[in-house]
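User: Please examine the aromatic side chains of this model closely, and describe where they sit in the fold. I would welcome a connected account that then extends to the surrounding elements and to the backbone.

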Amino acid sequence: MNVRDIAVFSGTAHPDLAAEICAHLGVPLHPVRVSRFANDCLEVQLQANCRERDVFLIQPLVPPVQENLVELLLMLDAARGASAGRITVVLPHYAYARSDKKDAPRISIGGRLVADLLTSAGADRVLAMTLHSPQVHGFFSVPVDHLHALRELAGHFRGYDLGNTVVVSPDLGNAKEAAAFARMLGTPVAAGAKQRFSDDRVKISTVIGDVADRDVIVLDDEIAKGSTVIELMAHLRELKVRSIRLACTHGLFSSGALERLSEQPGVLEIVCTNTVPIPAEKRVPKLEVLSVAPALAEAMRRIHNGESVSALFG
């Protein structure tokens, strides 16, 4: 890699992940000055030369989501105004991906709108990690490299005896991902049949597949309040599973979800990745956080060198 031609910047959403990515790449993380005017407007200054360089902007859309989004849009605008050769947004977590369909009258489809905003602000391409649904990829009118964290999660669980294990998806929407994960681990797969009534009220009517007397790994793309997983675990206990481990890519864990999940009977472990920051005071003993920095760094290196990113999944 010609280090001189690459410039990496991070917003304030997750600087630790950005620093770790840069350490793997062997490049500096350039400083960004974010200031706020008296009228509450943000101003962003990229404090390194961008002219004709391959610029990467790292910013997951995590709470406060709107602040972090506007910060990212201003970073894009600053890079474009500084004559960057190409600008890639590294989006470890795309929160608006959940707003991906019109399932009620007169509602906005935020996933597409925010994709349009990023492109309008100057993004030439996007590097994303585990989007909430496959169609979100199509909301972007620029190239998207879509990574998943199944390899990192599978590497962790291969350390256990999986002879009596089954992977369970909380709903049929995530079943394809769970099936791919089960193939990586060499285990069977099962899924919950879920109906969602509101943001935090769900009902699981049945579990499709054989889970009785099995060690279960529940796999979801993200866990926020944990209401779906708690509802699923009640069913799994009724079906007399032996043990439960929870796994997800994006550990959002809002409203005290980590404590609630770790106190559930039968839960041995909660495993997530560091796509979103998890402050030390929120962590619990049963939590294991895996790093996706090596995967993101390798994808960035391949993008910079014009190599295949899909080969990462071979």
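Analyst: A search of the whole structure, which is a predicted model, finds three aromatic pairs. One of them joins Phe157 and Tyr160, whose ring centres are 6.1 Å apart and whose planes meet at 45 degrees, a tilted arrangement. The label follows from the angle, because only planes under 30 degrees apart count as stacked and only those over 60 degrees as edge-to-face. The rings of Phe157 and Phe181 form another pair, with centres 6.2 Å apart and planes at 80 degrees, and this pair is therefore edge-to-face. The partners come from distant parts of the chain: Phe157 belongs to helix 4 (residues 150-157) and Phe181 to helix 5 (residues 175-185), with their positions 24 residues apart. Taken together, Phe157, Tyr160 and Phe181 make up one aromatic cluster.

Are the members of this cluster buried or exposed? Phe157 has a relative accessibility of 0% and so counts as buried, the limit for that class being under 20%. Phe181 is buried as well. Tyr160, at 31% relative accessibility, is partly exposed. Tyr160 also has a charged neighbour: the charged end of Arg245 sits over the tyrosine ring, 4.0 Å from the ring centre. Tyr160 thus takes part both in the tilted pair with Phe157 and in the contact of a charge with a ring.

The helix that carries Phe157 deserves attention next. Six of the eight residues of helix 4 are buried, so the helix is largely enclosed by the rest of the structure. The buried residues are Leu150, Glu152, Leu153, Ala154, His156 and Phe157; the list thus includes Glu152 and His156 beside Leu150, Leu153, Ala154 and Phe157. Their packing partners are helix 5, strand 12 (215-223), strand 13 (243-251), strand 14 (267-273), strand 15 (287-290) and helix 8 (293-305). Helix 5, which holds Phe181, is thus among the elements that enclose helix 4.

At the level of the whole chain, the assignment gives domain 1 (6-147) and domain 2 (150-290). Their centres, taken over C-alpha atoms, are 28 Å apart. Contact between the domains involves 12 residues of domain 1 and 13 residues of domain 2.

Helix 3 (residues 110-121) offers a second helix to set beside helix 4. Its 12 residues should span 16 Å at 1.5 Å a residue, and the end C-alpha atoms are indeed 16 Å apart, which agrees. Gly110, Gly111, Val114, Ala115, Leu118 and Ala121 are buried in helix 3. They cover an arc of only 135 degrees around the axis, which means that they lie on the same side of helix 3. An α-helix has 3.6 residues a turn, so residues three or four places apart point the same way. The buried residues of helix 3 pack against helix 2 (65-81) and strand 6 (86-91), whereas the face turned away from the buried side carries the exposed residues Leu113 and Ser120. Gly122 follows helix 3, with a positive phi near 130 degrees.

The backbone has further points to note in the loops. Between strand 5 (54-58) and helix 2 lies the loop that contains Pro64, and the peptide bond joining Pro63 to Pro64 is cis, with omega about -5 degrees. In the loop between helix 2 and strand 6, Ser83 has a positive phi of about 65 degrees although it is not a glycine. Ser83 is partly exposed, with a relative accessible area of 26%. The loop between strand 6 and helix 3 holds Arg106, another residue other than glycine with positive phi, here near 55 degrees. At 76% relative accessibility Arg106 counts as exposed, since the class begins over 50%.

A last loop residue is Pro31, placed between strand 2 (29-30) and strand 3 (32-36). Pro31 is partly exposed, at 44% relative accessible area. Apart from its neighbours within four places in sequence, Pro31 is in contact with Phe9, Gln45, Leu46 and Gln47. The C-alpha atoms of Pro31 and Leu46 are separated by 6.6 Å, although the two residues are 15 residues apart along the chain.

How values were computed
Residues are numbered from 1 along each chain as its sequence is written. This is a predicted model: local features need pLDDT of at least 70, side-chain atom pairs count only at pLDDT 80 or more; totals for chains, interfaces and linings use all residues. Side-chain values use heavy atoms; hydrogens and water are left out. Helices (H or I, at least four residues) and strands (E, at least two) are DSSP runs, numbered from the N terminus. The expected span of a helix is 1.5 Å times one less than its number of residues. Buried means under 20% relative accessible area, exposed over 50%, partly exposed in between (1.4 Å probe, protein chains only). The arc is that of the directions from the helix axis to the C-beta atoms. Contact means heavy atoms within 4.5 Å. Rings of Phe, Tyr and Trp (its six-membered ring) pair if their centres lie within 6.5 Å; planes under 30 degrees apart count as stacked, over 60 as edge-to-face and the rest as tilted. A charge sits over a ring if NZ of Lys or CZ of Arg is within 6 Å of the ring centre and within 35 degrees of the ring normal. Domain bounds come from an automatic or database domain assignment.
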